[in-house]
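Biologist: Please take a close look at the nonpolar core of this protein. Go through its members one part at a time, and then set it against the rest of the chain.

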Amino acid sequence: MLIELSVKNCFVFNNQIVFSLDPTNKEMTIYGPNNAGKTCLIKCIQAMKGILLNQRIEIKSNLFFK
């Protein structure tokens with residue numbers, strides 16, 4: 001079970017973000033305005049799953065930050 005995920009310089013996340021879940025809650029909803037990074041958060045979760053399953057993955061760094 002995913003309880004907490006910390007991401008930095010992955011996809012559109014330049015600064016570190018922490019995505020935390022309450023393990024007693026059985027349902028999860030991700031919401032926010034357009035272009036807030038919801039899809040990139042899902043991609044980060046999928047990348048973490050691939051890492052844990054020893055799959056070959058490609059994590060892209062933030063291309064918009066210099």
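Modeller: In this predicted model, the largest nonpolar core is made of 9 residues: L5, V7, C10, F11, F13, F19, C40, L41 and C44. Two elements, strand 1 (4–7) and helix 1 (38–52), each give two or more residues to this core. The most comes from helix 1, which gives 3 residues.

Two of the core cysteines can be taken in turn. C40 has a relative accessibility of 14%, and because buried means under 20%, C40 counts as buried. C44 has a relative accessibility of 5%, so C44 counts as buried too. As for bonding between cysteines, the structure holds 0 disulfides. C40 is in no disulfide, and the cysteine sulfur nearest to that of C40 belongs to C44, 6.8 Å away. A disulfide needs the two sulfur atoms within 2.5 Å, so a separation of 6.8 Å leaves C40 and C44 unpaired with each other.

Helix 1 also holds K38, which is not on the list of core residues. The relative accessibility of K38 is 26%, so K38 counts as partly exposed, the class that lies between buried, under 20%, and exposed, over 50%. Leaving aside residues up to four places away in sequence, K38 touches I30, Y31, G32 and P33.

Next, the open space. The largest pocket holds about 220 Å³ of space. Its lining consists of M1, L2, S20, L21, D22, P23, N25, K26, E27, M28 and I45. Sorted by class, that lining has 6 nonpolar, 2 polar and 3 charged residues. Among the lining residues are D22, K26 and E27, which belong to the charged class. S20 and N25 also line this pocket, and they count as polar.

Finally, the setting of the core within the whole chain. The secondary structure of the protein comes to 1 helix and 2 strands, and along the sequence the pattern reads β-β-α. The protein has 66 residues, of which 21% count as buried. Of the contacts between residues at least 6 apart in sequence, 47% join residues at least 24 apart. To return to the part in question, the core takes residues from strand 1 and helix 1, with C40 and C44 among its members.

Note on methods. Residues are numbered from 1 along each chain as its sequence is written. This is a predicted model: local features need pLDDT of at least 70, side-chain atom pairs count only at pLDDT 80 or more; totals for chains, interfaces and linings use all residues. Side-chain values use heavy atoms; hydrogens and water are left out. Buried means under 20% relative accessible area, exposed over 50%, partly exposed in between (1.4 Å probe, protein chains only). A nonpolar core is a set of buried Ala, Val, Leu, Ile, Met, Phe, Trp, Tyr and Cys residues joined through side-chain atoms within 4.5 Å. Helices (H or I, at least four residues) and strands (E, at least two) are DSSP runs, numbered from the N terminus. On a 1 Å grid over the protein atoms alone, a cavity is a set of points where a 1.4 Å probe fits but cannot get out, and a pocket is an open set with protein on both sides within 12 Å along at least five of seven lines; lining residues have an atom within 4 Å of a point. Grid points are joined across faces, edges and corners, and a volume is the space filled by probe spheres set on the points. Contact means heavy atoms within 4.5 Å.
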